[in-house]
Amino acid sequence: MSAISLTLIYILFSEYREEEFQQQQNEKIKYTVGLVTEFKQMSEELALLLDAQDIHDFYDEKLLIYNGQKELIFSSLDSLPIFQTDKILNGLSPSQRWIETKEGDYDLIGVYVESRGKTYYGVSKALDAYGYSKMYFLRNVLIAIFAAISIIVTLVALYLSNKISKPITRLAENLKKYDLVSENSTLLKPDTSSFELQHLTERFNELLQRTNEAFAFQKNAINHISHELKTPVAVLVSELEKTESYSNIDNLRPVLDSLVIKAKSLGEIINVFLEISKIESGQQIQKSEVRIDELLFDIIEELKMVYPDFHFELNYFPSEFNESQLVIKMNRMLVKQAFQNLLVNCISYGSEKEAKIKIDCSFSNKLKIEIANTGKTVAPEEKEHLFQHSFRGKNSEGKIGFGLGLVLAKRIMDFHFAKIKYSNPEKDLNVFQVIFYLDKYL
């Protein structure tokens, strides 16, 4: 772009030089015509003397003046030939008063002039030595400017490309070293002040985090399955062993009904893992509209069969609300498993045989569900790791398990664009909060 601009400047100056010099030739023709008219009665020697005095006006110049009949009446002393004299004279007329052309580097003009009621024709051929000298100087200056700009632009480009490429190269190296399988891999740190590269690093971190979670979930799939199936299988085996002691069919029938329900629950757990495996492979999960409080009541009823001494108290807030807020489009089986894990967590880690569930419908764009129980709380430094694979806090010492129930619950909530959080607002009070954003399900 700079080369085009500088070239345009040179061309414009060249046009200006030519126009200015031709106007100077024109003025000299008119001036000479005036002198010839005024002093025509003087001798030819006086005209030659006048010409000798003006010979240095232009470098290498030839000036010819013709009368109305196109007869030569004045010729300058120079011996410079004009090859297009006849052509120019034939072209000049009252309607064509100006002709300009070139003979090599020489500017050649023809002018029709009227002076004191008479007609004259002037032809001037001259070399604009000073003008060309200025053009050569300008050309050299422009070339120097172009060279300087090119060098500066090149150096700046090298500096900027080096400054930009280094963080990208370091980012690529860090990505190359990043271990997707390891659960302890740290996120990439932006090593630049560039907003664009910082934004790019953040997006990479989000992608890496999601990929890491997927790898970690698959890696711990066996632990998940054993953790979730161990208890119901043990209960089924225990109940089946008890049936051997029943001799009366009537006494055996309610036990068998209970076993059927537990077997169905076991089948649902297996289906949960099948659904999650589909999601991990990129398939879409089936969703339907489910009323959340009814789902919670179903879970509570099923848990009562296994933990009959534990009580769940469910409350609504506020007392009057739009019941349509309770209806959410979800995969019922997955969300049921997530809430079941949270409620079982209350049973396993609670110090009392009671937990409270609060359904908060006071927001127009979201639905909050709080599950609170008393018991030993999670240490502040452990909160950020609570939903990570295989993490178990100090409050779980002496408890059997892999610490995977909360991980599975969070994973399921992520699939439904919901958030799950833990807090302990009071001493010995554990609160799990699940937030469904209703605008996500429209």
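**Salt bridges and helix packing: worked exercises**

With a relative accessibility of 9%, Asp128 counts as buried (buried means under 20% relative accessible area, exposed over 50%, and partly exposed in between, with a 1.4 Å probe and protein chains only). The model is predicted, so local features need pLDDT of at least 70 and side-chain atom pairs count only at pLDDT 80 or more, while totals for chains, interfaces and linings use all residues. Residues are numbered from 1 along each chain as its sequence is written, and side-chain values use heavy atoms, with hydrogens and water left out.

**Exercise 1.** Identify which residue forms a salt bridge with Asp128, and state what parts the pair ties together.

*Solution.*
1. The criterion is a side-chain nitrogen of Lys or Arg within 4 Å of a carboxyl oxygen of Asp or Glu.
2. The partner of Asp128 is Arg17, with the closest N and O atoms 3.0 Å apart.
3. Asp128 lies in the loop between β5 (118-127) and α4 (129-177), and Arg17 in helix α1 (residues 2-38), so the pair ties together parts that are 111 residues apart in sequence. Helices (H or I, at least four residues) and strands (E, at least two) are DSSP runs, numbered from the N terminus.
4. Arg17 is itself buried, at a relative accessible area of 3%.

**Exercise 2.** Find how many residues separate Asp414 and Lys410 in helix α10, and place their salt bridge in the whole structure.

*Solution.*
1. Asp414 and Lys410 form a salt bridge whose closest N and O atoms are 3.1 Å apart.
2. Both residues belong to helix α10 (residues 405-415); because they are 4 residues apart, about one helical turn separates them.
3. Asp414 is partly exposed at 31%, and Lys410 is partly exposed at 25%.
4. Elsewhere, salt bridges with shared partners join Arg17, Lys102, Asp107 and Asp128 into one network.
5. The search of the whole structure finds 12 salt bridges.

**Exercise 3.** Describe how α8 and α9 pack, and which salt bridge links them.

*Solution.*
1. Two packed helices are described by the angle between their axes and the distance between the axes.
2. The axes of α8 and α9 come within 10 Å and cross at roughly 55°. Axes are lines fitted to C-alpha atoms, for helices over the stretch in contact, with angles from 0 to 180 degrees between N-to-C directions.
3. α8 and α9 are therefore oblique to each other (under 35 degrees is roughly parallel, over 145 roughly antiparallel, 65 to 115 roughly perpendicular, and the rest oblique).
4. Their crossing is right-handed; a crossing is right-handed if the near helix is turned clockwise from the far one by less than a right angle, and left-handed if anticlockwise.
5. Contact residues (heavy atoms within 4.5 Å) include Leu295 and Ile299 of α8 and Phe339 and Leu343 of α9.
6. By class, the contact of α8 with α9 has 11 nonpolar, 1 polar and 4 charged residues (Ala, Val, Leu, Ile, Met, Phe, Trp, Tyr, Cys and Pro are nonpolar; Asp, Glu, Lys and Arg are charged; the others, Gly among them, are polar).
7. Arg332 and Asp298 meet in a salt bridge at 2.6 Å, N to O. Arg332 lies in α9 (residues 332-349) and Asp298 in α8 (residues 292-306), so the pair ties together parts 34 residues apart in sequence.
8. Arg332 is partly exposed at 32%, and Asp298 is partly exposed at 33%.

**Exercise 4.** State at what angle the axes of α9 and α10 cross, and which classes of residue make the contact.

*Solution.*
1. These axes come within 9 Å and cross at roughly 145°.
2. The crossing of α9 and α10 is left-handed.
3. Among the contact residues are Ala338 and Leu342 of α9 and Leu408 and Ile412 of α10.
4. The contact of α9 with α10 has 10 nonpolar, 4 polar and no charged residues.
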